[in-house]
Amino acid sequence: MKIKKTIVYVNFSPYDNAGRFLDFLTASFDWVIHFSYDHLRLQNGRKTNILTVYHKRKVVERKQLIPLRTPEFLRFFSLPGVALLILFQTWWHTWRLKRKLEVIDYYFTVNAYTTWIGNILKRRKLVKKTIFWVWDYYPPGFPDWRLKFLRWIYWKFDRPALQGANKIVSISEKLVTLRFQLGALTPNHSYQIIPIGTNPIKKTLNKEKPVMGFMGMLKESQGLNLMFDNLSKLQEKFPHLKIEIVGSGPQETYFRQKAAKFKRMVRFYGYVEKENDVDKIIRRWSAGLATYLPVASNESYWTDPSKIKAYISQGVPVIVTNVPDFVNEIRKYKAGIVIDYHKPIQLFQAIQKLIDNQSFYSHNALNLSRRYYYKKLYPKFFL
């Protein structure tokens with residue numbers, strides 16, 4: 001698919017190329033104007049908040065955008081400034097590039113606030129159409145009052161974002177049904193369902209050594225404590241097991257400290273920028289960890305887990321808790337093992353079962369991933 005048009009794509013690091021979406025855009029559009037914002041500002045000093053302009057897949061401009069770095073204790077209070085910077089910089093650079101390119105056909109994003117910005121740009125005739133790919137629902141109840149307040153603010157943008165967008169696409173029927181129930185969508189609204197895609201390898205690889213891995217944001221809701229609280233028992237039961245962690249996040253230091261005594265067993269890669277490099281790391285794993293914390297405030301109940309799509313794309317089966325809807329697919333295709341977060345013994349049993357039946361589960365994982373190949377899914381956005 002080749003579209004001789006121009007698109008603005010706004011997302012947040014490290015999700016810019018989740019499901020290979022940025023790869024699809026740069027291969028499909030003549031011009032891609034990509035804004036990558038780091039709203040968490042927790043990437044250990046690496047360069048974030050970047051504008052990249054692609055022309056026929058080649059980078060023709062890369063510009064460091066203004067970050068708003070603050071000490072950790074001021075991070076919450078600085079968020080209004082971060083939001084204003086996102087608004088101003090998206091507006092300014094879109095206006096600047098519109099003068100050069102004359103027409104910007106699409107504005108595409110996955111977030112209610114940045115969709116709201118796109119709708120403003122559309123009213124100012126800087127872009128022609130806005131597309132909101134709905135990824136998330138943030139349950140309002142949360143133990144931390146700060147996050148509870150932020151989720152309340154976010155929902156103030158959700159309704160106008162949906163109602164102002166030219167096209168609404170959701171990763172699941174569940175998210176759309178919820179918004180109809182909340183009144184953010186009405187029967188007059190049309191929508192599509194397009195899940196996050198996969199990029200399957202051609203065939204599975206034999207694993208010489210047992211390696212369990214995790215890829216994603218390092219935060220409590222990802223359920224990493226299930227593994228880190230049981231490192232001693234894992235080392236005792238699986239003396240040759242290696243654990244690899246790819247990603248960064250608000251609790252990276254916390255998890256590094258918990259693993260400090262297990263340096264021979266646990267390796268932290270930090271944030272890995274290139275998707276192909278991430279794939280090479282995952283490809284070696286015997287199992288991918290997706291043990292989401294089963295609490296009502298966890299947004300993972302409502303999302304399409306890009307990490308699981310990344311695992312199965314490399315023929316890596318999943319150890320997952322019964323949180324995301326995609327668990328039903330994992331069960332149906334026997335592409336991994338579903339465990340109870342509160343029963344650590346099931347984690348040990350799952351690792352053993354996946355090691356003992358490596359070929360069976362790896363082939364099933366790869367076969368499942370082929371159902372969601374991104375090159376078949378994503379053209380539907382622009383039909």
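This section describes a parallel sheet, one well-covered helix, the salt bridges, the nonpolar cores and the aromatic pairs of a predicted model.

It is convenient to begin with the sheet. Six strands, in the order β11-β10-β9-β12-β13-β14, make up an open sheet with parallel pairing. Its edges are formed by β11 (266-270) and β14 (336-339), each of which pairs on one side only. From one strand to the next, the twist averages 20°. As general background, strands of a sheet pair through backbone hydrogen bonds, in either a parallel or an antiparallel sense. At the β14 edge, four bridges link this strand in the parallel sense to β13 (residues 318-321). Within this pairing, G336 of β14 stands opposite V318. A helix also meets this part of the sheet: α12 (residues 344-356) lies across β9 (211-215), β12 (287-290), β13 and β14. Relative to β14, α12 runs at about 170°.

The helix α12 appears again when the nonpolar interior is considered. The largest nonpolar core holds 99 residues, and W133, L234 and F382 are those with the most contacts inside it. With five residues, α12 gives the most to this core. There is also a second core, separate from that one, with 22 residues, among them I33, Y37, L87 and L101.

Helix α1 (21-28) offers a helpful view of how one element is enclosed. Six of the eight residues of α1 are buried, and the helix is thus mostly covered. The buried positions are F21, L22, F24, L25, T26 and S28. Their cover includes the strands β1, β2 (29-37), β3 (50-55), β5 (106-109) and β6 (129-134), together with helix α14 (374-377).

Turning to charged side chains, nine salt bridges are found in a search of the whole structure. One of them joins D279 to R20, with 2.5 Å between the closest N and O atoms. D279 belongs to helix α9 (residues 275-283), while R20 sits in the loop between β1 (3-12) and α1, so this contact ties together parts that are 259 residues apart in sequence. Are the two partners buried or exposed? D279 counts as buried because its relative accessibility is 7%, and R20 is buried too, with a relative accessible area of 10%.

A further salt bridge brings together R96 and E61, at 2.7 Å from N to O. Here R96 comes from helix α2 (residues 79-101) and E61 from strand β4 (residues 58-64), so the pair connects parts that are 35 residues apart in sequence. The two ends have these accessibilities: R96 is partly exposed at 25%, whereas E61 is buried at 16%.

The salt bridge between E252 and R256 lies within one helix. The closest N and O atoms of this pair are 3.0 Å apart. Both residues lie in α8 (residues 252-258), four residues apart, which is about one turn of the helix. E252 is buried, with 4% relative accessibility, while R256 is partly exposed at 37%. Elsewhere, salt bridges with shared partners join R20, D23 and D279 into one network.

Aromatic side chains complete the picture. The count comes to 35 aromatic pairs. Among them, F108 and W133 form an edge-to-face pair, with a centre-to-centre distance of 6.1 Å and 70° between the planes. F108 is in strand β5 and W133 in strand β6, so their contact ties together parts that are 25 residues apart in sequence. F108 and W133 are both buried. W133 has already been named for its contacts inside the largest nonpolar core, and β5 and β6, the strands of this pair, are included in the cover of the buried residues of α1.

What arrangement do the rings of Y113 and W116 adopt? Their centres are 5.8 Å apart and their planes meet at 20°; because planes under 30 degrees apart count as stacked, the pair is stacked. Y113 and W116 share helix α3 (residues 112-123), where they are three residues apart, about one turn of the helix. Y113 counts as buried at 12% relative accessibility, and W116 is partly exposed, with a relative accessible area of 26%.

Key
Residues are numbered from 1 along each chain as its sequence is written. This is a predicted model: local features need pLDDT of at least 70, side-chain atom pairs count only at pLDDT 80 or more; totals for chains, interfaces and linings use all residues. Side-chain values use heavy atoms; hydrogens and water are left out. Two strands pair if DSSP finds at least two bridges between them. Helices (H or I, at least four residues) and strands (E, at least two) are DSSP runs, numbered from the N terminus. Axes are lines fitted to C-alpha atoms, for helices over the stretch in contact, and angles run from 0 to 180 degrees between N-to-C directions. Contact means heavy atoms within 4.5 Å. A salt bridge is a side-chain nitrogen of Lys or Arg within 4 Å of a carboxyl oxygen of Asp or Glu. Buried means under 20% relative accessible area, exposed over 50%, partly exposed in between (1.4 Å probe, protein chains only). A nonpolar core is a set of buried Ala, Val, Leu, Ile, Met, Phe, Trp, Tyr and Cys residues joined through side-chain atoms within 4.5 Å. Rings of Phe, Tyr and Trp (its six-membered ring) pair if their centres lie within 6.5 Å; planes under 30 degrees apart count as stacked, over 60 as edge-to-face and the rest as tilted.
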